[in-house]
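Subject: Structure handover

Hello,

Please find the structure below, with notes on what turned up in it. The notes go from a single residue to a group of strands, and then to the spaces inside and on the protein.

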Amino acid sequence: MADDNITEINMDRRQFIAAASAVGATAFAGCTGGGSGDSGGSGGSDGTETSGGSTESSSSGDSGETVRVNVALAAEPWNFDPALWTDTATSTIGGLVYDEVIELTPDSELQPGLVTEVPDPIDGGTAFEYTLREGITFHNGDEVTVEDFKYSVDWILNPDNNSPVKSRLPFVEDTEIVGDRTLRLNLSQPFGTLNWWLTRGLEGIVPEGSRGDTAEGKGPSGLATDLTQDPSGAGTGAFKFVEWKSGSHVLLEKNEDYWKEGAPAVDEFRFNFIGEDSTRLANLRSGQLDLTDKVPPKDFESLSGQPDITTESVPGNFTQVLYVNLMESEGNPMSNRHNRRAVLFGIDREEILDEVFYGQGAVQKGPWYPDNGWTSPKLKEMQMYDPEKARRELELAGNPDGFEMDIIATKGSWFKDEAVVIQNQLSEIGIEASVTAVDKSTLLNQVYSTDTWHAAMEDWAQSIPVATSWLDAGYADNNHNHNNWHHPSDDLEDIYAPSGPAAPDDAEGDFSNGHEWYVSKLREAQASTDEQEQKEIVWELEEYLVEHGIQIDIAYVNKLEAWRNAVNDYDVGTFQDNYRFVSKGE
C-alpha cells in the first residue's frame, strides 16, 4: 500500500510509546471534521490572543469588563446546521447556540428542553406528541412556533436533504400539527426509546425556511445550507453566534432573553481550535485558557497536581475498536472467523489500558459498558484475554503456526500506540502483524472503498446512552458501519450489501445471512415495551457479535477535562457536558 501519508512502524512497543507524539483522539467517521467559515475576526489558533479570557469593553457586568470564557477544543466544527452536524466539536458549541427538544443531562437523565414535558408514547407506542413551551424566541426575536418545529423535523426526514441525523429519528414516518403548539411524530412501529434518540436527533429547532437551498458542503452529508457557516438569529440558546474564523475560533455572546433561569452567567464564550495537546495544556497552565477538553491521559496526573486547576475524570463515551474486514477477498485472513477469534482472545486489553491510557478507562466485554445491566451476563464472565484459546482458534482456522496480517491506524493520535501494543501481543501467539500509520482520510478511504485491508485501529464516540442505539449505529444497515459486515465479496458498488457469517442455527425465520437476522432481532428489541425482553434480545445480539468476531472491542477511555479554578458550575458527564450555567470569578 503506497501512499505519501503512510509511515511504516517497526519498533519495540515500549520504544514506540516512549517516542510517540502527545496522545489525543478524535472520533471515527461521523464524529470528526474540519470546519469552514469566512466570518471576520482575528487571533491565532493557539488561543493566545486574550489574557485570562477577558477583554475590556462595554458590558452589562458591574465592573464594565466583558467576562469571557476561553475554551480549547481539539477539533474544529464543520457545520452549524443542527440537521447536518454529527461531530463532537460542533455539538459542543451548537449546544449553546441552540436548545434540544429533549435534553440529556450530564447525569444521563432525560428532561424537557424546548417542550413542556418528556412525553410517553401513545397509540401502542407508534406516536409521540411534543408541546412547545410558551414565550420562547429565536435570536432574531421571532417567537418559536409549531410550524418551525414541523419544518425542522420534516427537513431532516426528507431523503433529498441527505441529513446524517435522519438515522437518529428511527421509524419516524411523518409529522402532524395537532394543536396550537403540539407536534405529533407518527412512527412505523412501536419505539419506546425515541425520546433518548431525540437528544441527538433534534439538537435544535430553526425558523421555518431558514435553511434556504442546499449546496455542496463538508461532512458526511456533503451538503451545506444557509445555517452551515452562519447560524445568526436561528438559535434559541443561551448564547448568540458572533463569528467563526476558520482555523482560529468561534465567538459567542450571551442571549439576554434566554428562557432558562440562571443562564447565561458570562458575557462571551470563545472556542479556540487547538489540535496540539501540548499547546492546549501550556495555555491552560498559564491562564490564557480557562478550560480544555481532551486532556491526554499521560498528563492528567501532573495537571491534577496544579493548585489553580480543577480536573475531572468520568467514564467516557469513546470506545477503542479494532475494526476487521469480513469480506472474503484474496489474501484477507480476517474473513476467517477463527482467525478473528484468535485476534480477539490474543489481545490483552488491560495492558493497552495501562500502557497507552495510564489506567484511565474500562476494559470492554463486548460492545457495551462492562458494568452495565445491558451487557450480557455471559460476556461479563468471559475471559477476554486467553492466549490458549487464541491458539486453539488458530488450529481451527487451519494455520496453527499463525498468519500474517496488516493493521492500519490513524497517525498523530493514540491509535498507532494501541496498534503497536497489539502487534507485540499477537506475535506471542504466532500472528505477525505489520502496523502502518496513515492520515485519517487515508484510513477511511481504505475501509470504505477497498477490500484490501485487514484491520483498522480507531475509535467511536457514542452519543446516546442506550444499548440498542449503539447496536444500531455500530452494526445495522446505515452509513456508520466500519467493519465491512455489509460489504459484498465481489462488488464494491454497494458497500453496504450484506456479507459475513450466517445467522444462528436456531434463528427463527428465513435469513440469507447473519446481518439480516441481526437487524431483524434488533428491530424486535426496539419495538418491545418490555425491558427484560429487550435486554435478553440485546444480550443475544452482543453474544453473536463476540462469537463471530464482527469487531474487536478494546476499552472505553475516560473523559478527562480540566479548567481554571475561576470557572464555576461546569458540569461534566459521560455523554453530555453542560456549559450553559458556567460562571467565572477570580
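Phenylalanine 345 counts as buried because its relative accessibility is 0%, and the cut-off for buried is under 20%. This residue belongs to helix H7, which covers residues 337–346. What does phenylalanine 345 touch, leaving aside residues up to four places away in sequence? The list consists of Met382, Gln383, Met384, Tyr385, Asp386, Pro387, Lys389 and Ala390. For alanine 390, the separation from phenylalanine 345 is 45 residues in sequence, while the C-alpha to C-alpha distance is 5.2 Å.

Please keep in mind that this is a predicted model. Some overall values may help to place the details. The protein has 586 residues, and 60% of them count as buried. Its secondary structure comprises 15 helices and 22 strands. Taking contacts between residues at least 6 apart in sequence, 70% join residues at least 24 apart. About 22,000 Å² of the protein is exposed, and 42% of that area is supplied by carbon and sulfur atoms.

Strands E3, E11, E12 and E13

Strand E13 (residues 268–273) is largely enclosed by the rest of the structure, because six of its six residues are buried. In a regular strand, side chains alternate between the two faces of the sheet. Which residues of E13 lie on each side? Glu268, Arg270 and Asn272 are on one side, and Phe269, Phe271 and Phe273 are on the other; all of these are buried, which leaves both faces of E13 covered.

E13 pairs with strand E3 (residues 65–73), and the two run parallel with six bridges between them. Within this pairing, arginine 68 has glutamate 268 of E13 as its bridge partner.

E13 also pairs with strand E12 (residues 249–254), here in the antiparallel sense and over five bridges. Two of the residue pairs can be named: valine 250 has phenylalanine 271 as its bridge partner in E13, and glutamate 253 is opposite glutamate 268. Glutamate 268 thus appears in two places, as the partner of arginine 68 and as the residue facing glutamate 253.

E12 is itself mostly covered, with five of its six residues buried. It is joined to strand E11 (residues 239–245) by six bridges, and these two strands run antiparallel. In this pairing, leucine 251 of E12 has glutamate 243 opposite. E11 and E12 form a hairpin with three residues between the strands, where glycine 247 takes a positive phi near 85°.

Helix H4

Helix H4 (residues 194–201) is another mostly covered element, with seven of its eight residues buried. The buried residues are Leu194, Asn195, Trp197, Leu198, Thr199, Arg200 and Gly201.

Cavities and pockets

How many cavities of 30 Å³ or more does a search of the whole structure find? There are four. The second largest cavity has a volume of about 50 Å³. Its lining is made up of Leu344, Gly366, Pro367, Met384, Tyr475, Leu545, Val546, Gln551, Ile552 and Asp553. Helix H15 (531–547) and strand E20 (551–564) are the elements that give two or more residues to this lining. E20 has the largest share, at three residues. By type, the lining of the second largest cavity divides into seven nonpolar residues, two polar and one charged. Met384 links this part of the structure to the start of these notes, as it lines the second largest cavity and is also touched by phenylalanine 345.

The second largest pocket has a volume of about 610 Å³. Its lining has 32 residues, and Trp368, Asn372, Trp374, Pro465 and Val466 are those nearest its centre. At least two residues of the lining come from each of strand E15 (309–324), strand E16 (361–363), helix H13 (467–473), H15 and E20. Which element gives the most to the lining of the second largest pocket? It is E15, with three residues. The lining of this pocket divides into 15 nonpolar, 13 polar and four charged residues. H15 and E20 therefore contribute to the linings of both spaces, since each gives two or more residues to the second largest cavity and at least two to the second largest pocket.

Regards

Key:
Residues numbered from 1 in each chain as written. Predicted model: local features only at pLDDT ≥ 70, side-chain atom pairs only at ≥ 80, totals over all residues. Heavy atoms only, no water. 1 Å grid on protein atoms, 1.4 Å probe; cavity = no way out; pocket = protein on both sides within 12 Å on 5 of 7 lines; lining within 4 Å. Points joined across faces, edges and corners; volume = space filled by probe spheres on them. Helix = DSSP H or I, 4+ residues; strand = E, 2+ residues; numbered from the N terminus. Nonpolar A, V, L, I, M, F, W, Y, C, P; charged D, E, K, R; others polar. Buried < 20%, exposed > 50% of the residue type's maximum accessible area, 1.4 Å probe, protein only. Contact = heavy atoms within 4.5 Å. Areas by Shrake-Rupley, 256 points an atom, 1.4 Å probe, with all protein chains shown as cover. Pairing = 2+ DSSP bridges.
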